[in-house]
Amino acid sequence: EHLLFSAEVDNKSGKEMSSSVVKLKQIAIFKANDGHSEISVQTVAKMDQGKIDPGEVEIWNRVPMLIPEFLPPSYLGRKGIIIDLTYSLLFEVKPSGMGRSLQSQIPIMIGTKPYSNNPFLN
């Protein structure tokens, strides 16, 4: 399946942005019986676009991101599990040279069945 991604980057700075990138991250929390846990974060899908000059606007309009076929589903509230899986979509704009990246992140639910009432499919 594909996730359709839309965003707009309006570069009102005087600096060139080297790229914009969207990543699907898998966050796994491994829990031991003694209360200890370990976190693993992996990028499971990624798309990027090139530079954005000062004053330019870059538009991502329903760009399809391929979701890997065999991703395990997100944690759905089961008790007694030892691995807790969540996913998030990270959008990042990277400046050229010195400067901090701009980031926005939202949680994403990965399931085993397509969502039939999805308003974005019509």
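Q: Which pattern does the chain follow when read along the sequence?

A: A good way to start is to list the secondary structure elements in order. In this predicted model, the chain reads β-β-β-β-β-β. That comes to six strands and zero helices.

Q: Where is S19 placed among these strands?

A: To place a residue, look up its number in the residue ranges of the elements. S19 belongs to strand β2, which covers residues 17-31.

Q: Is S19 buried or exposed?

A: Here we compare the relative accessible area with a cut-off: a residue counts as buried when the value is under 20%. S19 has a relative accessible area of 15%, so S19 is buried. For the chain as a whole, 30% of the 122 residues count as buried.

Q: Which residues does S19 touch?

A: For this, we leave aside residues up to four places away in sequence. S19 then touches Q49, G50 and K51, and also E92, V93 and K94. Looking at the whole chain, 65% of the contacts with a separation of 6 or more are between residues 24 or more positions apart.

Q: What can we say about the accessible surface of the chain?

A: We can ask for its total and for the atoms it belongs to. The total is about 8,600 Å², and carbon and sulfur atoms account for 54% of it.

Q: Which residues form a nonpolar patch on the surface?

A: Look for F30, I82 and I83, which together have about 270 Å² of accessible area. One of them, I82, sits in the loop between β4 (57-66) and β5 (83-95).

How values were computed: Residues are numbered from 1 along each chain as its sequence is written. This is a predicted model: local features need pLDDT of at least 70, side-chain atom pairs count only at pLDDT 80 or more; totals for chains, interfaces and linings use all residues. Side-chain values use heavy atoms; hydrogens and water are left out. Patches are made of residues with over 30% relative accessible area and no salt bridge: like charges are joined within 9 Å, nonpolar side chains (Val, Leu, Ile, Met, Phe, Trp, Tyr) within 5 Å. Accessible areas come from the Shrake-Rupley method with a 1.4 Å probe; for residues, only the protein chains shown count as cover. A salt bridge is a side-chain nitrogen of Lys or Arg within 4 Å of a carboxyl oxygen of Asp or Glu. Helices (H or I, at least four residues) and strands (E, at least two) are DSSP runs, numbered from the N terminus. Buried means under 20% relative accessible area, exposed over 50%, partly exposed in between (1.4 Å probe, protein chains only). Contact means heavy atoms within 4.5 Å.
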